[in-house]
Amino acid sequence: MTNSSSLPRKQLDILAQATTVRTALIAAEHDCALRLFNGFYEGIPDLVCDLYGRTLVLYNHADQPNSLQTLLRAAQAWYLERLPWLRAVVVKTRRSLSRDERNGRLTFGEAPDERIREVGVWYALDLRMNQDASFYLDTRNLRAWLREHLRGRSLLNSFAFTGSLGAAALAGGAHLVVQTDRSRGFLALARRTYGLNGFAYRQEDFPVGDFHRVIGALKHAGRLFDCVVLDPPYFSTSDSGRVDLEGEMARLINKVRPLVAHQGWLVVVNNALFVSGEEYLAQLKELCGDGYLSIESILPVPADVTGFGETRISLPPVDPSPFNHPTKIAVLRVARKDRGIAS
């Protein structure tokens, strides 16, 4: 193991400053999740460091993964010295040819954490399930919005992944949450989250299947929801259709829009790095031109993900403003000609 003293002084200072400004965000119980360092914006390109409970996750985003190995070993040693309560480290190599290395290799400890807590809600984790960490830090404020707005209301969480957005809505008192994804493994983790919080589980609220087919079936059944979340992957294809955030976001919005009840919300997320904020906003404004959609609010991404004013030294490759990050989250209000009410 490389000692942290082998880390160049400039890089050590960068990590130290980033960690210092986030100290207040680390829960005393060490059960929270946050981004400790975003190297793309904070000065060490290709290195991202996340905290999940007592597990450190290091992401190697380098085009030539071996070029970052010395830095990764030194950064791991530095964090273990600075945060001695850490009990596991996972390194994810995003451009490795090995699936196991993309999903994460345990480089310290016996096992990574399997849950974290956010504002009193437990979320199940599988930090080595795939190349992501099974829980998205950039949508923390969206989880807060769902907790605050959906008491007594219903939610459809399309592209649910591991269901954290739906779980947040239930924690806020939603009376019905439907979570759909084509991965049974992702939804199985959502069910674990339900168990951690004592939420009632119904099989019919977890339809597994292709987005286009599930949405089509819900429309055919005449279902309406007080809120629909559309948070698709950047790009995917299936026999039923394609998801393309750069070229076809408006089409996806129009596909789920009929499922939103009168005066309900449609929350749309576009995390395409090379779609500018102005371009995305222009798409939304064009959709609002018929008078039945309106932009109610823009939700920011938390500062630990974007980098803080005193730590951020570079910008995204494409300007996300008026959003504050390439994960661009907008809340739309929906009006219906037929004034349909959610069931």
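Q: Is the crossing of α5 and α6 left-handed or right-handed?
A: The crossing of α5 and α6 is right-handed; the near helix is turned clockwise from the far one by less than a right angle, whereas an anticlockwise turn would be left-handed. This is a predicted model, in which local features need pLDDT of at least 70, side-chain atom pairs count only at pLDDT 80 or more, and totals for chains, interfaces and linings use all residues. Residues are numbered from 1 along each chain as its sequence is written, and side-chain values use heavy atoms, without hydrogens and water.

Q: At what angle do α5 and α6 pack?
A: Two packed helices are described by the angle and the distance between their axes. Here, α5 (residues 140-149) and α6 (residues 164-171) pack at about 35°, their axes 7 Å apart. Helices (H or I, at least four residues) and strands (E, at least two) are DSSP runs, numbered from the N terminus. Axes are lines fitted to C-alpha atoms, for helices over the stretch in contact, and angles between N-to-C directions run from 0 to 180 degrees.

Q: Which residues of α5 and α6 make the contact?
A: Contact (heavy atoms within 4.5 Å) involves Leu142, Arg143, Leu146 and Arg147 of α5, together with Ser164, Leu165, Ala168, Ala169 and Ala171 of α6.

Q: In what order do the six strands of the open sheet stand?
A: Strands pair through backbone hydrogen bonds, either parallel or antiparallel. The order here is β9-β8-β10-β13-β15-β14, with mixed pairing; two strands pair if DSSP finds at least two bridges between them. Because β9 (176-179) and β14 (293-299) each have a single partner strand, one side of each lacks a neighbour in the sheet.
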